[in-house]
Amino acid sequence: MVVTINTFLFADLCGYTEYTWRHGDDVSAELAIGFHDLVRSLADDESCEFVKAVGDATMIRAETTESAVRLAHRIHAEGAKRDYPAIRIGIDTGPAVPRNGDWYGNTVNTAARVADAAGPGELLLTTRARDALSGAGVLDTVDRGAHALKGLPECVLHASL
């Protein structure tokens with residue numbers, strides 16, 4: 001079994017369900033596809049792997065936490081320039097296994113749940129993702145305390161400043 005250490009980033013559009021209700025299916029589908037295309041392009045620029053899109057969400061794998069954080073900040077900045085709804089992002093770093101073009105494991109699940117815990121326009125990281133940045137001078141964070149994440153033990157999260 002191949003297990004590698006990677007960083008996973010999940011990003012999704014806040015309020016997409018309401019957006020769909022207000023603007024209709026066609027407009028909402030175009031918004032989601034435009035968001036996917038933006039994230040895919042930015043991920044390519046940062047040498048990150050665009051793993052998949054599901055609905056209005058995206059999953060990215062990065063070989064380094066630094067590249068995932070840079071990508072997250074670029075997603076927020078470019079989304080704002082395009083007047084997208086607020087974007088929430090979650091990041092975790094740790095072991096995962098590849099299968100059939102996708103990635104699996106606790107790290108993947110945790111990153112998805114961290115994104116769920118993020119507020120509109122927020123980037124949240126697990127402690128192990130934040131610690132992977134130690135000494136890199138890449139990111140200032142503020143402790144957001146322990147969070148109960150669905151199906152997982154309580155997890156201390158940190159917000160990017």
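How many bridges join β4 to strand β6 (residues 123-126), and in which sense do the two run? Three bridges link them, and the strands run parallel. Within that pairing, I89 has L123 of β6 as its bridge partner.

A few ground rules will help as you look at the structure. This is a predicted model, in which local features need pLDDT of at least 70 and side-chain atom pairs count only at pLDDT 80 or more, while totals for chains, interfaces and linings use all residues. Residues are numbered from 1 along each chain as its sequence is written, and side-chain values use heavy atoms, with hydrogens and water left out. Helices (H or I, at least four residues) and strands (E, at least two) are DSSP runs, numbered from the N terminus. Two strands pair if DSSP finds at least two bridges between them.

**Strands and hairpins**

Strand β4 also takes part in other pairings, and the table sets these beside the pairing of β2 with β3.

| Strands | Sense | Bridges | One bridge pair |
|---|---|---|---|
| β1 (residues 4-13) and β4 (residues 87-99) | antiparallel | 10 bridges | L13 and I87 |
| β4 and β5 (residues 102-104) | antiparallel | three bridges | R99 and D102 |
| β2 (residues 49-54) and β3 (residues 57-62) | antiparallel | five bridges | F50 and I60 |

Two hairpins are worth a look. β4 and β5 form one with two residues between the strands, and N100 in its turn has a positive phi of about 50 degrees. β2 and β3 form a hairpin that likewise has two residues between its strands, with G55 in the turn at a positive phi of about 60 degrees.

**Helix packing**

Now turn to the helices. Two packed helices are described by the angle between their axes and the distance between the axes. Here, the axes of α2 (residues 25-45) and α3 (residues 65-81) come within 10 Å and cross at roughly 140 degrees. That makes α2 oblique to α3. The axes are lines fitted to C-alpha atoms, for helices over the stretch in contact, and angles run from 0 to 180 degrees between N-to-C directions. Angles under 35 degrees count as roughly parallel, over 145 as roughly antiparallel, 65 to 115 as roughly perpendicular and the rest as oblique.

Which residues meet where α2 and α3 are in contact (heavy atoms within 4.5 Å)? From α2 come F35, L38, V39, L42, A43 and D45, and from α3 come L71, R74, I75, E78 and G79. By class, this contact has seven nonpolar, one polar and three charged residues. Ala, Val, Leu, Ile, Met, Phe, Trp, Tyr, Cys and Pro count as nonpolar, Asp, Glu, Lys and Arg as charged, and the others, Gly among them, as polar.

**Loops**

Most residues other than glycine have a negative phi. S47, in the loop between α2 and β2, has a positive phi near 60 degrees. D83, in the loop between α3 and β4, has a positive phi of about 60 degrees although it is not a glycine. With relative accessible areas of 63% for S47 and 69% for D83, both residues are exposed. Buried means under 20% relative accessible area, exposed over 50%, and partly exposed in between (1.4 Å probe, protein chains only).

G121 lies in the loop between α4 (106-117) and β6. G121 is partly exposed, at 44% relative accessible area. The C-alpha atoms of G121 and I87 are separated by 4.9 Å, although the residues are 34 apart along the chain. Leaving aside its neighbours within four places in sequence, G121 is in contact with H76, A86, I87 and R88.

Notes:
Contact = heavy atoms within 4.5 Å.
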